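I opened this model to see how its strands are arranged and where its charged side chains meet. My entries follow in the order in which I looked things up.

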Amino acid sequence: MKSYGWDIMKLERDGKLLLVDARPFSITEEGFVAPNESLYRGEAMPFSHLTDMVLAGVRRAGAKRLVIDSVTILAMQYVNKFYIRQGLMGMVQALSNQDCTSLLISETVQEEGKTPTEWYIAPGVIVLHYTRKGDTMERAVQVIKMRGTRHGEEIYPARITENGFTVLQPRMIP
């Protein structure tokens with residue numbers, strides 16, 4: 001965010017941005033990954049506690065927008081896939097009852113023939129692509145699903161600039 005000229009510290013000071021670090025690990029001064037003992041004491045935090053922590057932050061900040069970056073990291077502490085799905089479903093349901101737009105970021109790599117769990121749970125799925133085109137890298141965005149809303153199925157070129165995220169018109173194929 002800083003590289004795009006966004007003054008994150010000012011937003012935090014003004015109460016317009018609240019950052020909550022709920023990672024199950026931290027990075028030591030030496031650069032090693034270590035369990036985050038302030039939140040996790042050798043056991044996985046129940047998903048309901050994570051949800052409560054997020055909801056408390058939303059209420060405290062009076063947030064209208066929420067980003068969880070990433071559910072992949074939060075889910076890594078659990079081994080039971082059913083528990084992860086159940087926990088994510090509960091979190092999504094709890095967030096949908098708030099007057100707050102929520103973006104849950106997932107680092108899922110889609111395997112052929114296998115739909116990521118988050119895609120079933122979330123009411124909307126937007127995929128950001130970053131692919132090689134010749135000797136350059138290009139960004140694109142695709143709406144996979146958006147329950148109750150009609151949307152285009154194209155993959156649209158996109159850019160991230162100091163003014164934010166811009167979706168461009170699709171290229172015309174000659």
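**Entry 1: one residue pair**

I began with a single cross-strand position: Ala158 stands opposite Val167 in β8. I note here that the model is a predicted one. β7 and β8 pair in the antiparallel sense, and I read 4 bridges between them. They form a hairpin, with 2 residues between the two strands.

**Entry 2: the chain as a whole**

I then stepped back to the full chain. I find 5 helices and 8 strands in its secondary structure. Going along the sequence, I wrote the pattern down as α-β-β-α-β-α-α-β-α-β-β-β-β. The chain has 174 residues, and buried residues make up 26% of them. I looked up the accessible surface as well: it comes to about 13,100 Å², with 55% belonging to carbon and sulfur atoms. Of the contacts with a separation of 6 or more, 47% are between residues 24 or more positions apart.

**Entry 3: the sheet**

Which strands form the open sheet, and in what order? I read the order as β5-β6-β7-β8, so named for 4 strands with antiparallel pairing. The edge strands are β5 (124–133) and β8 (164–167), each of which pairs on one side only. On average, neighbouring strands of this sheet are turned by 35° against each other, direction ignored. As a reminder to myself, strands of a sheet pair through backbone hydrogen bonds, and the pairing can be parallel or antiparallel.

**Entry 4: β5 against β6**

I went through the sheet pair by pair. β5 pairs with strand β6 (residues 136–146) over 10 bridges, in the antiparallel sense. I checked two positions on β5: Leu128 stands opposite Val141 in β6, and Arg132 stands opposite Met137 in β6. The hairpin of these two strands has 2 residues between them, and Gly134 takes a positive phi near 65° there.

**Entry 5: β6 against β7**

How many bridges join β6 to β7? I count 4 bridges between β6 and strand β7 (residues 155–161), and the two run antiparallel. Val141 turns up again at this step, standing opposite Tyr156 in β7. Val141 is thus listed opposite Leu128 and also opposite Tyr156.

**Entry 6: Val143**

I picked one residue of strand β6, Val143, for a closer look. Is Val143 buried, partly exposed or exposed? Buried would need a relative accessible area under 20%. Val143 has 24% relative accessibility, so I have it down as partly exposed. Leaving out residues up to four places away in sequence, Val143 touches Val125, Ile126, His151 and Gly152. Of these I followed up Ile126, which is found in strand β5. Val143 and Ile126 are 17 residues apart in sequence, and their C-alpha atoms are 4.5 Å apart in space.

**Entry 7: a nonpolar patch**

Ile126 came up once more when I looked at the surface. Ile126, Leu128, Ile160, Phe165 and Val167 form a nonpolar patch there, with about 450 Å² of accessible area together. The elements that give two or more residues to this patch are β5 and β8. Both are edge strands of the sheet. Val167 is the residue I started from, opposite Ala158.

**Entry 8: salt bridges**

How many salt bridges does a search of the whole structure find? The search finds 2.

One is formed by Asp14 with Lys10, and their closest N and O atoms are 2.6 Å apart. I looked up how far each is covered. Asp14 counts as partly exposed, because its relative accessibility is 43%. Lys10, at 40% relative accessibility, counts as partly exposed too.

The side chains of Lys64 and Asp99 also meet in a salt bridge, at 2.9 Å from N to O. Lys64 lies in the loop between α2 (47–61) and β3 (65–69), and Asp99 lies in the loop between α4 (81–96) and β4 (101–105), so this pair ties together parts that are 35 residues apart in sequence. Lys64 has a relative accessible area of 48% and is therefore partly exposed. Asp99, with a relative accessible area of 62%, is exposed. The cut-off for exposed is over 50%, which is why Lys64 and Asp99 carry separate labels in my notes.

Conventions
Residues numbered from 1 in each chain as written. Predicted model: local features only at pLDDT ≥ 70, side-chain atom pairs only at ≥ 80, totals over all residues. Heavy atoms only, no water. Buried < 20%, exposed > 50% of the residue type's maximum accessible area, 1.4 Å probe, protein only. Contact = heavy atoms within 4.5 Å. Areas by Shrake-Rupley, 256 points an atom, 1.4 Å probe, with all protein chains shown as cover. Pairing = 2+ DSSP bridges. Axes fitted to C-alpha atoms, helices over the stretch in contact; angles between N-to-C directions. Patch = residues over 30% accessible without salt bridge, like charges linked within 9 Å, V, L, I, M, F, W, Y side chains within 5 Å. Salt bridge = Lys/Arg side-chain N within 4 Å of Asp/Glu carboxyl O.
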